[in-house]
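Work through the exercises below with the sequence and the model open. Try each task before reading its solution.

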Amino acid sequence: MYRAPRGTTDILPDEQAYWYYVRQKAVEACQLYGYQRIDSPVFEDTGLFVRSVGQGTDIVEKEMYTFTDKGGNRVTLRPEGTAPVCRAYLERGMHNWPQPVKLYYLASIFRYERPQAGRLREHHQFGCEAIGDGDPALDAEVIAMAWQFFLSLGLERLSLQLNSIGCRQCRPGYLAALTGYYAGYRDELCPDCRSRLKRNPLRLLDCKKPSCQRIADGAPRSVDHLCPECQAHFEKLRHYLELEAVPPVVNHRLVRGLDYYTRTVFEVQPEGGSAQSTLGGGGRYDDLIEELGGKPTPAIGFAAGMERIILNLREQGIAVPPLPGPQLFIAYLGEAARQVAVRLAANLRRAGTGVLVATGDRSLKAQLRQANARGVRYAAIIGADEVAAGSVVLRDMANARQETVPVAKLPALLT
Ligand code: HAM
């Protein structure tokens, strides 16, 4: 027997109400903030991700699903959604549209990670990108949108973490200070952090090992090394967030796992949660479009993990509305009744009423059991007498009350 690949899952019908609910809330948030949908290919040139996510990151080093296709092209299943949107922005001439261009996506994402609760090899993201404006008020708006989206789902006990990690000008000074600090602790660091010290010192700050965390507590803070422009940007952002009534907690160790970020970074986490439970995150990436061959174009965005959101909805006991299904089940006894059932179902569906018709030659009891299992409101039962009279026995599934109804009256009764 084949099994779904490790770290992937099937989203079965009884889970779909959660997915529908979260997608609906995402789309509503996008309508409120003026984001338009974009869908990009599931795979892209490998170089796009190496260039944007960054050589020294876990994603590029260990997690990409990369292969050579039959034409000899190196392609990668998208391990995140920002780079494809930036590629499309450039390729499709969106720099000529009114700026900022505000786009959102609902997309599957592929990372070869060690699977565990809330960490899959194929997961799904709701993401937003606002490209073409460096105004800190836009940062505040994107963060507010992310925050409002999570609140609109009914989730509680969330925290919004915020930091600024500077820009091309001030980052090198900060990295030097960080590397200098960590050099004194080299022997106490975990093996991963020792190699990060050379390749990606920012990532030392969010190592989850308790011994490394203790060292990170005393590490230099990025906000103390910001250039005047980045400092002003961060101050204005916090002011605009106050106006948006969104309450961030400044977390000096928040750095994110992708290399393209500049200035603002943020994450939404369940209170007391670990990095594995982060529901969403994002930030500015003012150099990325230029890195991909465009003119300097500031941008900011975020993405949220659908599976983690649904996990939290369940944990917090948040009920979601059931998905609408067929209203009527038609049960029949005998071939003549079956023919009436087929014609009746066709007419009702044409009139816009959802109908399930029994199949095969099961007993009436078995047919009604099926109707019950599918949660329909009514069952119409047709036997030889009903065929002769042009009627059905209409059964209210909630209370088993039955009445005989002329077929012609059914559509009106069901709407
Ligand atoms: P990210 O933090 O790598 O950011 O992923 C965003 C969210 O996707 C995470 O907060 C988490 O909820 C979910 N997620 C990530 N990996 C997994 C996984 N293996 N299993 C389940 N859920 C996962 C980005 O991808 C950026 N592109 C976000 C962004 C958009 N930044 C600017 N614009």
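**Exercise 1. Find the bridge partner of Gly280, then place it in the sheet.**

Keep in mind that this is a predicted model.

Step 1. Start at Gly280. Its bridge partner is Ala304, which belongs to strand E11.

Step 2. Look at the strands involved. E10 and E11 run antiparallel to each other, paired over 5 bridges.

Step 3. Widen the view. The open sheet has 8 strands, ordered E1-E5-E6-E11-E10-E9-E7-E8, with mixed pairing.

Step 4. Go to the edges. Strand E1 (36-37) and strand E8 (249-250) each have a single partner strand, so one side of each has no neighbour in the sheet.

**Exercise 2. Describe how helices H1 and H5 pack on the sheet.**

Step 1. Take helix H1, residues 16-33. H1 packs on the sheet and touches strand E5 (101-110) and E6. The directions of H1 and E5 make an angle of about 160°.

Step 2. Take helix H5, residues 136-152. H5 also packs on the sheet, touching E5, E6, strand E7 (158-164), strand E9 (262-270), E10 and E11. The directions of H5 and E11 make an angle of about 15°.

**Exercise 3. Build up the surroundings of the ligand.**

Step 1. Count the shell. The ligand is surrounded by 27 residues, and Glu80, Glu113, Leu120, Glu129 and Tyr261 are the closest.

Step 2. Sort the shell by class. There are 9 nonpolar, 11 polar and 7 charged residues.

Step 3. Trace the shell to strands. Strand E6 (122-131), strand E10 (280-284) and strand E11 (299-305) each contribute at least two residues.

Step 4. List polar contacts. An N or O atom in the Glu80 side chain is 2.7 Å from a ligand nitrogen. A polar side-chain atom of Thr82 is 2.9 Å from a nitrogen atom of the ligand. Gly305 uses its backbone: an N or O atom there lies 3.2 Å from a ligand oxygen.

Step 5. Check the cover. On its own the ligand has 660 Å² of accessible area, and the protein covers 96% of it.

**Exercise 4. Locate two backbone features in loops.**

Step 1. Recall the usual case. Most residues other than glycine have a negative phi, and most peptide bonds are trans.

Step 2. Inspect Gln99 and Pro100. They are joined by a cis peptide bond, with omega about -5°. Pro100 sits in the loop between helix H4 (82-91) and E5.

Step 3. Inspect Arg157. Its phi is positive, about 55°, although Arg157 is not a glycine. This residue lies in the loop between H5 and E7.

Methods. Residues numbered from 1 in each chain as written. Predicted model: local features only at pLDDT ≥ 70, side-chain atom pairs only at ≥ 80, totals over all residues. Heavy atoms only, no water. Near = heavy atom within 4 Å. Polar contact = N/O pair within 3.5 Å; in protein donor to acceptor, adjacent residues only side chain to side chain. Areas by Shrake-Rupley, 256 points an atom, 1.4 Å probe, with all protein chains shown as cover. Helix = DSSP H or I, 4+ residues; strand = E, 2+ residues; numbered from the N terminus. Nonpolar A, V, L, I, M, F, W, Y, C, P; charged D, E, K, R; others polar. Pairing = 2+ DSSP bridges. Contact = heavy atoms within 4.5 Å. Axes fitted to C-alpha atoms, helices over the stretch in contact; angles between N-to-C directions.
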